[in-house]
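Subject: Handover of a protein structure

Dear colleague,

Please find below the structure that I am handing over to you. I would be grateful if you kept it open while reading the notes underneath.

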Amino acid sequence: MDKKSKTKRTFALSATVLTLFTLFAVSAAVFTLVATGVITIGQEAVAQQSGGTIKGKVNSPWVSRYPAMVYVDKVPGQFPAPKQNPHMGQKGLVFDPHVMGVLEGSTVDFTNDDTVAHNVSSPPGSAKVFNLGLYGVGVTKTVTFDKLGEVPLLCSVHPEMSAFVLVLQNPYFALTDKSGNFEIKDVPPGSYQLKAWDEKLKEVSQGVVVESGKTATVEFKDLQKR
Ligand SMILES: [Cu+2]
């Protein structure tokens, strides 16, 4: 091998090593930046700052029997449905839970844990109109809730059975306790409308500002019967 071609080869080899090293260094730097949250990828870009809490009360005697769902309306970002299906049980001729919030796109398992057959459906005009037909004990049927809004649940065999699925855009929601208190944690900082839904009351809305690490307090009062 002459000296010229040897130099050429050494140069080519050095260039390759340098390129590989540069690629490695850049990848490592990008990885570190992503891992430490300095830069973000895709839709996760919004929620880097730690969230705040919204706490308060829905002031109505109705909520002691009929819990209200308090939820943050329209939070920027995408909130994919959970991989594990939420569950709506039927036992002792009662739906359990009575009010269930689910993310848009969620598929809910409707189990029959009772001793009799049920026929779960929702009325016309619901955010999801469906009819599961009559099905027996131990059977599970599923419904995918692909549109935001209220879905009353009925059973055509047992008119006394009633429940509600609320299809929501984001996971920042909470049911009130018997006294009407609620708490929603880890809400991304921002300015929102907070809504209170109740099967017996007209839906109401109030502005709320959520700041990182702080608690905002909201009280809903003077609620009107539906
Ligand atoms: Cu039934």
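The notes below set out what was found, beginning with the overall picture.

This is a predicted model, in which local features need pLDDT of at least 70 and side-chain atom pairs count only at pLDDT 80 or more, whereas totals for chains, interfaces and linings use all residues. Residues are numbered from 1 along each chain as its sequence is written.

The protein contains 1 helix and 15 strands. Helices (H or I, at least four residues) and strands (E, at least two) are DSSP runs, numbered from the N terminus. Of the 226 residues, 24% are buried. A residue is called buried if 20 or more other C-beta atoms lie within 10 Å of its own, exposed if 12 or fewer, and partly exposed in between, with C-beta atoms placed from the backbone. Two residues are in contact if their C-beta atoms, placed in that way, lie within 7 Å. Among contacts between residues at least 6 apart in sequence, 63% join residues at least 24 apart.

As general background, strands of a sheet pair through backbone hydrogen bonds, either parallel or antiparallel. Here, two strands are said to pair if DSSP finds at least two bridges between them. One open sheet has 4 strands in the order E11-E2-E13-E14, with antiparallel pairing. Its edge strands are E11 (173-175) and E14 (201-210), each of which pairs on one side only. On average, neighbouring strands of this sheet are turned by 20° against each other, direction ignored; the axes behind such angles are lines fitted to C-alpha atoms, for helices over the stretch in contact, and angles run from 0 to 180 degrees between N-to-C directions. Within the sheet, strand E2 (residues 69-73) is joined to strand E13 (residues 190-198) by 5 bridges, and valine 70 has alanine 196 in E13 as its bridge partner.

Which residues have the most contacts inside the largest nonpolar core? They are Val70, Val165, Phe173 and Ile184, in a core of 39 residues. Such a core is a set of buried Ala, Val, Leu, Ile, Met, Phe, Trp, Tyr and Cys residues joined through C-beta atoms within 7 Å. Strand E10 (residues 162-168) gives the most to this core, with 5 residues. Valine 70 touches several residues beyond four places away in sequence, among them Phe173, Ile184 and Ala196.

Strand E10 also pairs with E9 in the antiparallel sense over 6 bridges, and valine 151 has valine 165 in E10 as its bridge partner. A hairpin of 6 residues joins E9 to E10. Strand E9 (residues 149-155) is further joined by 2 bridges to strand E7 (residues 120-121), which runs antiparallel to E9.

Some individual residues also deserve a note. A cis peptide bond, with omega about 5°, joins aspartate 96 and proline 97; proline 97 is found in the loop between strand E4 (94-96) and strand E5 (99-103). Aspartate 186, in strand E12 (residues 181-187), has a phi near 55°, a positive value in a residue other than glycine. Aspartate 186 counts as exposed because it has 12 C-beta neighbours inside 10 Å. Aspartate 222 likewise has a positive phi of about 55° and lies in the segment after strand E15 (215-220). Aspartate 222 is exposed because 7 other C-beta atoms lie within 10 Å.

Yours faithfully,
A colleague
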